[in-house]
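Me: I'd like to learn how to read side-chain exposure, salt bridges and pockets in a model. Could you walk me through them?

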Amino acid sequence: MEITEKVAYLKGLAEGMDLDTDKKVGKLLAAIIDTLDDIALELEDIKDEQAELADGLDAVSDDLEDVEDVVFGEDEDDEDDDYYYDDLDEDEECYATTCPTCEETIYFDESVLEDGEVICPNCGERLEFDLESLEEDEDGDDDE
């Protein structure tokens, strides 16, 4: 039962009881019922407006999704895919690492590796690489 229906039921009870609105108690009950009726109508209006806003928000969200697909060229299936860089030369080596913060795979080329750091495109975490220990290992392997 809706609030407006409950208030209408209370009005009917009050009318059936023949409340004397000239006396203090009758005036009070009549005022309470009128106030409840006003509140119920306001709530109904708010619910209607909220439903209208939700429908509008859904429409905007759908439109934004369409715009994102056009701008970023992504399909719905690509949303969970890892980031790939199309501008890498085929001759260049591609490296990958996993971000310890967001656990997403990050792909980068040798120039980024030489810089010694990369910023995770997913969460913004700075990942640093210590290449000196790798070079020492390679030098040690040559001596054997």
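Reply: Happy to! A residue counts as buried under 20% relative accessible area, as exposed over 50%, and as partly exposed in between. Keep in mind that this is a predicted model. Take Lys11: its relative accessibility is 29%, so Lys11 counts as partly exposed.

Me: Which residue forms a salt bridge with Lys11?

Reply: The idea is to look for a side-chain nitrogen of Lys or Arg within 4 Å of a carboxyl oxygen of Asp or Glu. Here the partner of Lys11 is Asp37, with the closest N and O atoms 3.1 Å apart. Lys11 belongs to helix H1 and Asp37 to helix H2, so this pair ties together parts 26 residues apart in sequence.

Me: How many salt bridges does the structure hold?

Reply: There are two. The other case to read joins the side chains of Arg126 and Glu117, at 3.0 Å from N to O. Try the exposure cut-offs again: Arg126 has 47% relative accessibility, so it is partly exposed. Glu117, with a relative accessible area of 32%, is partly exposed as well.

Me: Now the pocket part. What lines the second largest pocket?

Reply: A good habit is to go from residues to elements to chemistry. The lining consists of Lys11, Ala14, Glu15, Leu19, Thr21, Ala30, Ile33 and Asp34. Helix H1 (3–16) and helix H2 (24–72) are the elements that each give two or more residues to this lining. By class, the lining has four nonpolar, one polar and three charged residues.

Me: And how much space lies in that second largest pocket?

Reply: About 150 Å³. Notice that Lys11 turns up twice in our tour: in the lining of this pocket and in the salt bridge with Asp37.

Note on methods:
Residues are numbered from 1 along each chain as its sequence is written. This is a predicted model: local features need pLDDT of at least 70, side-chain atom pairs count only at pLDDT 80 or more; totals for chains, interfaces and linings use all residues. Side-chain values use heavy atoms; hydrogens and water are left out. On a 1 Å grid over the protein atoms alone, a cavity is a set of points where a 1.4 Å probe fits but cannot get out, and a pocket is an open set with protein on both sides within 12 Å along at least five of seven lines; lining residues have an atom within 4 Å of a point. Grid points are joined across faces, edges and corners, and a volume is the space filled by probe spheres set on the points. Helices (H or I, at least four residues) and strands (E, at least two) are DSSP runs, numbered from the N terminus. Ala, Val, Leu, Ile, Met, Phe, Trp, Tyr, Cys and Pro count as nonpolar, Asp, Glu, Lys and Arg as charged, and the others, Gly among them, as polar. Buried means under 20% relative accessible area, exposed over 50%, partly exposed in between (1.4 Å probe, protein chains only).
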